[in-house]
Amino acid sequence: KIHNAILGKMWVEHFGDLDITNMKNGENALITFKKAGFFGSVNYKVSGNITRPSGRKVVALAGEWNQFLNATWVKSGEEKNLWTVHSDNNVDNKYAYTHFSQKLIDTTDEMLAFLPPTDSRRRGDRALVEKGETTRATKLKRIMEDRQRQDKKDSEENGEE
């Protein structure tokens with residue numbers, strides 16, 4: 001829902017349920033983004049649970065989607081901060097990415113082992129741009145786009161979609 005589209009500071013409200021299922025082991029996370037209160041009392045609140053395939057609750061989640069997310073293990077009562085927003089006052093990267101945005105595009109060797117071949121973080125042109133080699137990145141991107149156009153043309157000629 002978009003607030004103040006005509007007057008005031010515009011902002012987007014995220015609310016509703018997010019249902020995530022681990023297709024390998026059947027565990028499920030149901031996360032609820034709370035609807036904002038009239039005076040902003042519950043803005044950004046999020047809560048949820050991670051359950052086993054049997055339905056047994058294992059972890060309780062709580063936080064604010066724009067600030068932090070904490071987990072509490074039901075059996076032990078252990079609490080852990082899963083993530084916290086970091087201040088972006090000292091943004092020093094070339095593209096002024098926020099800390100959060102930078103973390104989304106950063107990759108490790110461990111992560112690369114699980115990313116699908118189609119993940120955009122694997123694109124060579126992106127890596128070249130991050131290294132500042134924009135001329136090479138542009139050439140590589142053109143090659144990729146030409147291949148995509150040719151693939152589309154070949155598919156259309158063969159009656160595929």
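**Sheet, pocket and selected residues of the predicted model**

Strand β6, residues 57-64, and strand β7, residues 68-73, run antiparallel and are joined by six bridges. The model in which this pairing occurs is predicted. A hairpin of three residues connects β6 to β7. Two pairs of residues illustrate the register of these strands: Ala60 stands opposite Thr72 in β7, and Ala62 stands opposite Asn70 in β7.

The pairing of β6 with β7 belongs to an open sheet of six strands, in which the order is β3-β4-β5-β6-β7-β8 and the pairing is antiparallel. The edge strands, each paired on one side only, are β3 (16-21) and β8 (79-84). From one strand to the next, the twist averages 15°. In general, the strands of a sheet pair through backbone hydrogen bonds, and the arrangement is either parallel or antiparallel.

At one edge of the sheet, β3 and β4 run antiparallel and are joined by six bridges. Within this pair, Ile20 has Ala29 of β4 as its bridge partner. The hairpin of β3 and β4 has six residues between the strands, and Gly26 in this hairpin takes a positive phi near 80°. At the other edge, five bridges join β7 to β8, and these strands also run antiparallel. The bridge partner of Ala71 in β8 is Lys80. Between the strands of the β7 and β8 hairpin there are five residues, and here Gly77 has a positive phi near 80°.

The secondary structure of the chain as a whole consists of four helices and eight strands. Read from the N terminus, the elements follow the sequence β-β-β-β-β-β-β-β-α-α-α-α. The chain has 161 residues, of which 14% count as buried. Of the contacts between residues at least 6 apart in sequence, 8% join residues at least 24 apart.

The largest pocket holds about 150 Å³ of space. Its lining is made up of Leu18, Ile31, Phe33, Val46, Leu61, Glu64, Trp65, Phe68, Leu69 and Trp83. Two or more of the lining residues come from each of the elements β4 (28-33), β6 and β7. By class, the lining contains nine nonpolar residues, no polar residues and one charged residue. Glutamate counts as charged, and Glu64 is among the residues of this lining.

Glu64 is located in strand β6. With a relative accessibility of 19%, Glu64 counts as buried, because the cut-off for this class is under 20%. When residues within four places in sequence are left aside, the contacts of Glu64 are Tyr44, Lys45, Val46 and Trp83. Of these contacts, Val46 and Trp83 also appear in the lining of the largest pocket.

Leu18, another residue of the pocket lining, is found in strand β3. The relative accessibility of Leu18 is 38%, and Leu18 is therefore partly exposed, since this class lies between the limits of 20% and 50%. Apart from residues up to four places away in sequence, Leu18 touches Ala29, Leu30, Ile31 and Phe33. Leu18 and Phe33 are separated by 15 residues in sequence, and their C-alpha atoms lie 7.8 Å apart. Ile31 and Phe33, both touched by Leu18, are likewise included in the lining of the largest pocket.

Among the helices, α3 spans residues 124-130 and includes Asp125. The relative accessible area of Asp125 is 5%, so this residue is buried. Beyond its neighbours within four places in sequence, Asp125 is in contact with Ala137, Leu140, Lys141 and Met144.

Conventions: Residues are numbered from 1 along each chain as its sequence is written. This is a predicted model: local features need pLDDT of at least 70, side-chain atom pairs count only at pLDDT 80 or more; totals for chains, interfaces and linings use all residues. Side-chain values use heavy atoms; hydrogens and water are left out. Two strands pair if DSSP finds at least two bridges between them. Axes are lines fitted to C-alpha atoms, for helices over the stretch in contact, and angles run from 0 to 180 degrees between N-to-C directions. On a 1 Å grid over the protein atoms alone, a cavity is a set of points where a 1.4 Å probe fits but cannot get out, and a pocket is an open set with protein on both sides within 12 Å along at least five of seven lines; lining residues have an atom within 4 Å of a point. Grid points are joined across faces, edges and corners, and a volume is the space filled by probe spheres set on the points. Buried means under 20% relative accessible area, exposed over 50%, partly exposed in between (1.4 Å probe, protein chains only). Contact means heavy atoms within 4.5 Å.
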